[in-house]
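Dear colleague,

I am passing the structure below on to you, as you have not worked with it before. My notes on it follow directly after.

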Amino acid sequence: MASSAGGYRVAPARLEAAAAELEQRAGVLKTTRTALAGENVPAAAFGQVSASNAASATYTKTIKDLAGKLDGQVSTATVIHHGLAAAAGGYRRADVQVAASYRALLPESPLPKAGNPAGIGGTADTGQWATAIAQNRTKVSDALTSERDKLADLLASGGKAGDITDARNRIALYEDILANDRQILRFDPAGNGRIAELVGRIEPGTRNVGLFVPGVNTSFDNFQSYADLGKSLVAADATGRTAMVVWADGVFPQNVITEGPAAHYAQTMAPELKAFGDELRGQIDSHAGPGVVLTAVGHSYGGATVGLAEQLGLKADQVLHVESAGMGHGIWGPDDLPAGQAGVRRYSMTAPFDPIVVAQGNAGPIEWLGAGHGADPDRFPGVVELETGRDANGDLQWGMDSHSGVLKPGSDSWNNIYGVITGGPLTHEGFTGGSLREMVVEGVGRGL
């Protein structure tokens, strides 16, 4: 809370972030408590002497006492977590009620009028998206019923473990969507699933909107991890001016080796992403007004999809490539993009030794065969290269783990993603990324 004239200003996002951190710590404590419960050292381990039994008893008592203290800390953290979450929810509900009261005093205006072209005074609760969210809630409820029936059949018939896990993952996703009134803009459970979610609000006062596009292996099984990224970015802005859309409303390649190099997935998704970007820009203009910065973030294969959507005129003010496969099939320089994209600010980050470097910048026969994803974003003219730096533990991000590790809160890379979206401070590329990365690219080129 921050003091202000006449009292205090409460930032629910900070309460929610603190609640999430406490929940995570409670989980760590629970894991430690479980490990302690499994400790069982026999008296013989203390030697075959008369004091062995006493030493064993003392050890057992110490472990028991420590476990008891951990139980107390878990309980305390859980109580505080629930309290903070409830408080944040209460403040947000109060904000909604107050806003509704003020809106009730205004003339109804579901659509922008000639004298109000930006549609100021509307909220994210009116218009096309509100209808889509309501309809998709029904679709999710129906899908949940269907998936529960499917899981019951799998368990009864001794179905494959992978199918059972998939069903449980989907059930968990659907239940969370319904329990938390999540704003689902697109939903189709067929195949690997297609979905898009708005995190936060697009309303008067919103100033930053991110549009995140994931990559290979995206499905309902892992969508929650990307939604959590969106939540972390929105919650980090204590001013409440940031919203995120996580867009997985496409058919993504599911195998990095056999399907990852293929361009046709991105070529198919790009027009859909561009159309969605137009819709998103319309929502911003009608509900938040001018001055909002829209940033498209493409991770891995999603970078190539964003790049091809740019070629079609994606209405983004900024584009950020994160461990990106490339600028998009056939895009090798600024001349391959329409003139209308000339003012787009572009950023890129790639951790050293991330295997994605093998995919970046491949030309020649591979492109003629319908594969490859165009220019290396880190080397594209006009792109600002950002540092991936270190993770939340202070370890240098590099190699296979860095490919998704760069998305984790607390890392230098996450801070840079947040900085691009919100206009905050950025850490530009230095020795920790560029020099090492150039070494591995050179090595690959030589066949080392």
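In helix α4, the buried residues (under 20% relative accessible area, with a 1.4 Å probe and protein chains only) are Ile 164, Ala 167, Arg 170, Ile 171, Leu 173, Tyr 174, Ile 177 and Leu 178. Please bear in mind that this is a predicted model, in which local features need pLDDT of at least 70 and side-chain atom pairs count only at pLDDT 80 or more, while totals for chains, interfaces and linings use all residues. Residues are numbered from 1 along each chain as its sequence is written, and side-chain values use heavy atoms, leaving out hydrogens and water.

Helices (H or I, at least four residues) and strands (E, at least two) are DSSP runs, numbered from the N terminus. The buried residues of α4 pack against α3 (128–157), β3 (183–188), β4 (194–199) and α5 (223–236), where contact means heavy atoms within 4.5 Å.

The axes of α3 and α4, which are lines fitted to C-alpha atoms over the stretch in contact, are 9 Å apart, and the helices pack at about 150°, on a scale from 0 to 180 degrees between N-to-C directions. The two helices are therefore roughly antiparallel, a term for angles over 145 degrees. Among the residues making this contact are Val 140 and Leu 144 of α3 and Ile 164 and Ile 171 of α4.

After α4 comes Asp 181, whose phi is positive, near 50°.

As for β4, this strand and β6 (residues 242–248) pair in the antiparallel sense over five bridges, pairing requiring at least two bridges found by DSSP. Leu 198 stands opposite Val 245 in β6.

With best regards

Definitions and conventions
Buried < 20%, exposed > 50% of the residue type's maximum accessible area, 1.4 Å probe, protein only. Parallel < 35°, antiparallel > 145°, perpendicular 65-115°, else oblique.
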